[in-house]
Amino acid sequence: MNLVFRVLAFLGLLVSSASALADGDDAMILIAHPAFRDLEYRQTVLIAAPAPNGGHVGVILNRPTRRSLGSLFPEHEPSKKVMDPVYYGGPFSRGALVALVRADRAPGAGSVLLMSNLYLAFRANTIDHVIETTPNEARYFVGYVGWRPGELKSEIDRGLWSVTGAELDTIFRKDTEGLWEELLQQSKRIRAALPLDEGFALLR
């Protein structure tokens with residue numbers, strides 16, 4: 001299958017040097033504030049991690065679509081083996097397919113290390129290889145989310161997101177209905193249990 005997609009110039013900066021990420025342990029889960037006015041992100045849960053350009057990159061975890069990968073690419077037999085639906089990952093490059101890949105090494109060129117054993121793959125031939133070799137060790141998204149340097153920190157400081165640690169079980173959870181509500185309640189309990197100065201430290 002030849003997946004040809006238009007990708008914003010920002011994408012080139014993201015994938016130019018995946019090794020620029022420090023140690024792969026900086027990924028975080030973002031939980032949208034209940035009063036978030038932007039419909040794009042209302043009641044969303046995201047994974048985000050530092051990108052080589054100094055900003056951040058991630059995808060929305062709880063927006064499954066009604067389409068399967070096989071229905072999007074009916075002539076590509078390996079795509080029909082993917083069991084999970086395709087997810088809406090975010091407003092950047094809505095026509096592009098990206099993949100969260102569970103692997104102990106980079107699945108190919110154009111992959112950004114998010115955390116240990118987790119990569120975000122942007123390049124079409126790398127995603128093709130994942131689909132053809134380990135189709136259900138990944139989750140597939142149309143679009144993604146990108147932040148310029150300092151932009152995500154500003155959003156967190158403004159209270160738009162609660163932050164918690166990233167875990168693979170959460171990232172690849174099969175049923176994402178109710179995920180936002182559950183994580184929001186967890187984050188409230190954590191903040192309530194922390195001393196004031198430690199609570200602020202989690203958001204910095």
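**Exercise 1. The E7–E8 hairpin**

Identify the bridge partner of Ser111 in E8, and describe how E7 and E8 are joined.

*Solution.*
1. In this predicted model, Ser111 has Ala121 as its bridge partner in E8.
2. The connection between E7 and strand E8 (residues 118–121) consists of 4 bridges, and the two strands run antiparallel.
3. A hairpin is formed by E7 and E8, with 2 residues between them. Asn117, in the turn, has a positive phi of about 65 degrees.
4. As for burial, E7 is largely enclosed by the rest of the structure, because 4 of its 5 residues are buried.

**Exercise 2. The loop that precedes E7**

Locate Gly108, and classify Gly108 by its relative accessibility.

*Solution.*
1. Gly108 lies in the loop between E6 and strand E7 (111–115).
2. The relative accessibility of Gly108 is 29%. The partly exposed class runs from 20% to 50%, so Gly108 counts as partly exposed.
3. Gly108 and Arg123 are 15 residues apart along the chain, and their C-alpha atoms are separated by 8.2 Å.

**Exercise 3. The pair Tyr41 and Trp161**

Determine the geometry of the aromatic pair formed by Tyr41 and Trp161, and state which parts of the chain this pair links.

*Solution.*
1. Searching the whole structure yields 6 aromatic pairs.
2. One of them is formed by Tyr41 and Trp161, with 5.9 Å centre to centre and 75 degrees between the planes.
3. Planes over 60 degrees apart count as edge-to-face, and the pair of Tyr41 and Trp161 is edge-to-face.
4. This pair links distant parts of the chain, 120 residues apart: Tyr41 belongs to the loop between strand E1 (28–32) and strand E2 (45–50), and Trp161 to strand E10 (residues 161–165).
5. Tyr41 and Trp161 are both buried.
6. Together with Phe36, Tyr41 and Trp161 make up one aromatic cluster.

**Exercise 4. The pair Phe92 and Tyr144**

Explain why the pair of Phe92 and Tyr144 is classed as tilted, and assign a burial class to Phe92 and to Tyr144.

*Solution.*
1. The ring centres of Phe92 and Tyr144 are 5.5 Å apart, with the planes at 45 degrees.
2. Stacked pairs have planes under 30 degrees apart and edge-to-face pairs over 60. At 45 degrees, the pair of Phe92 and Tyr144 is therefore tilted.
3. Distant parts of the chain are linked by this pair: Phe92 is in strand E6 (residues 92–102) and Tyr144 in strand E9 (residues 138–147), 52 residues apart.
4. Phe92 has 23% relative accessibility and so counts as partly exposed, whereas Tyr144, at 0%, counts as buried.
5. Another ring, that of Phe172, has the charged end of Arg102 over it, 4.1 Å from the ring centre.

**Exercise 5. The chain as a whole**

Summarise the secondary structure, burial and contacts of the protein chain, and state where the pLDDT is below 50.

*Solution.*
1. The protein chain contains 7 helices and 10 strands.
2. It has 204 residues, of which 45% count as buried.
3. Among contacts with a separation of 6 or more, 69% are between residues 24 or more positions apart.
4. The accessible surface is about 10,500 Å², and 52% of this belongs to carbon and sulfur atoms.
5. The average pLDDT of the protein chain is 83, and 80% of the residues score at least 70.
6. Over residues 1–24 the pLDDT is below 50, and this stretch has 58 contacts in the model beyond near neighbours in sequence.
7. Over residues 196–204 the pLDDT is also below 50, with 10 contacts in the model beyond near neighbours in sequence.

Conventions
Residues are numbered from 1 along each chain as its sequence is written. This is a predicted model: local features need pLDDT of at least 70, side-chain atom pairs count only at pLDDT 80 or more; totals for chains, interfaces and linings use all residues. Side-chain values use heavy atoms; hydrogens and water are left out. Rings of Phe, Tyr and Trp (its six-membered ring) pair if their centres lie within 6.5 Å; planes under 30 degrees apart count as stacked, over 60 as edge-to-face and the rest as tilted. Buried means under 20% relative accessible area, exposed over 50%, partly exposed in between (1.4 Å probe, protein chains only). A charge sits over a ring if NZ of Lys or CZ of Arg is within 6 Å of the ring centre and within 35 degrees of the ring normal. Two strands pair if DSSP finds at least two bridges between them. Contact means heavy atoms within 4.5 Å. Accessible areas come from the Shrake-Rupley method with a 1.4 Å probe; for residues, only the protein chains shown count as cover. pLDDT is the predictor's confidence in each residue, from 0 to 100.
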